[in-house]
Amino acid sequence: MSIDKHNIITLLDENSQDVVGGFLSQLSLESQYSEDAKLHLMFLQSIFNLLSVQPLENLLNTMTEITITFNGYPRTKRYELVKPLKVVPIYELRYAMNRNEHLRFLFFPYLYKEASNYVFVKYFKKTLIPNVDETDNMRDLTYEMYKRVRLNPEYYLEGTD
C-alpha cells in the first residue's frame with residue numbers, strides 16, 4: 001500500500017504577504033508561553049499532516065476526528081475539515097478555535113511536475129459575535145492567485161521564471 005504525499009505550500013498573496021505562514025509562525029511563537037496557542041498549534045499541525053497524506057475527496061463532506069495528546073490527556077475535535085467553496089477549485093481548511101472563533105485557510109490543489117500540491121494563499125478568522133465572515137472576498141482573492149499560478153507555475157512553485 002502506498003500513500004500519496006501532497007505538498008503543503010504557502011504563497012505570498014497579492015500584497016506580497018505570506019499571511020498563512022505568518023499566522024502559523026506567530027502562533028508558534030505564542031505557543032511558547034500560551035497554553036491555548038500551544039493547543040491550537042498542535043491541532044493545526046495534526047490537521048495539516050492529515051491533509052498531506054489524504055486524498056482531498058476523502059475529507060470532503062465528511063466528519064473528521066482529530067485527537068492529540070495535550071499535557072498528557074487526549075483532546076479531540078470532530079468536524080468537517082475541508083469544504084469546497086463556490087468557485088472551483090478553491091477550498092477552505094476549517095479549524096474551530098472555540099464556539100465563536102473559526103479559522104479558515106483557503107487553498108487550491110495544483111498538480112505540477114507530477115507532484116500533488118495544496119497551495120495555501122489566505123487565512124482569516126470568522127466570528128459569530130460579532131458576525132465577521134470574509135469568505136467570499138478571500139475566496140475571490142485566492143482564485144486570482146490560482147489563475148496567476150496556472151499562468152506561471154515555475155515562478156510561484158519554484159521561484160523561477
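D140 is partly exposed at 36% relative accessibility, where partly exposed lies between buried (under 20% relative accessible area) and exposed (over 50%), taken with a 1.4 Å probe on protein chains only. Its partner R139 is buried, with a relative accessible area of 11%. The two form a salt bridge whose closest N and O atoms are 3.0 Å apart; the term stands for a side-chain nitrogen of Lys or Arg within 4 Å of a carboxyl oxygen of Asp or Glu.

The model is predicted: local features need pLDDT of at least 70 and side-chain atom pairs count only at pLDDT 80 or more, while totals for chains, interfaces and linings use all residues. Residues are numbered from 1 along each chain as its sequence is written, and side-chain values use heavy atoms, with hydrogens and water left out.

**Salt bridges**

Over the whole structure, 11 salt bridges are found. Side chains of opposite charge can pair when their charged atoms come close. Three of the pairs are tabulated here.

| Pair | Closest N to O distance |
|---|---|
| K122 and E14 | 3.1 Å |
| E101 and K125 | 3.8 Å |
| D140 and R139 | 3.0 Å |

K122 and E14 form a salt bridge that links distant parts of the chain, 108 residues apart: K122 lies in strand β7, and E14 in the loop between β1 (6-10) and α1. Helices (H or I, at least four residues) and strands (E, at least two) are DSSP runs numbered from the N terminus. K122 is buried at 5% relative accessibility, whereas E14 is partly exposed at 31%. D13 joins E14 and K122 in a network of salt bridges.

E101 and K125 also meet in a salt bridge, between strands β6 and β7 and 24 residues apart. E101 is partly exposed at 24% relative accessibility, and K125 is partly exposed at 33%.

**Nonpolar cores**

A nonpolar core is a set of buried Ala, Val, Leu, Ile, Met, Phe, Trp, Tyr and Cys residues joined through side-chain atoms within 4.5 Å. The largest one has 29 residues, and L51, V82, L93, F105, F107 and F120 have the most contacts inside it. Elements supplying at least two residues each include α1 (19-30), α2 (35-53), β6 (101-112) and β7 (115-127). Helix α2 gives the most, with eight residues.

L93 touches I47, F48, L51, L81, V82, L103, R104, F105, F107 and F120, leaving aside residues up to four places away in sequence; contact means heavy atoms within 4.5 Å. Apart from the largest core lies another, of 16 residues, among them Y110, V119, M138 and Y146.
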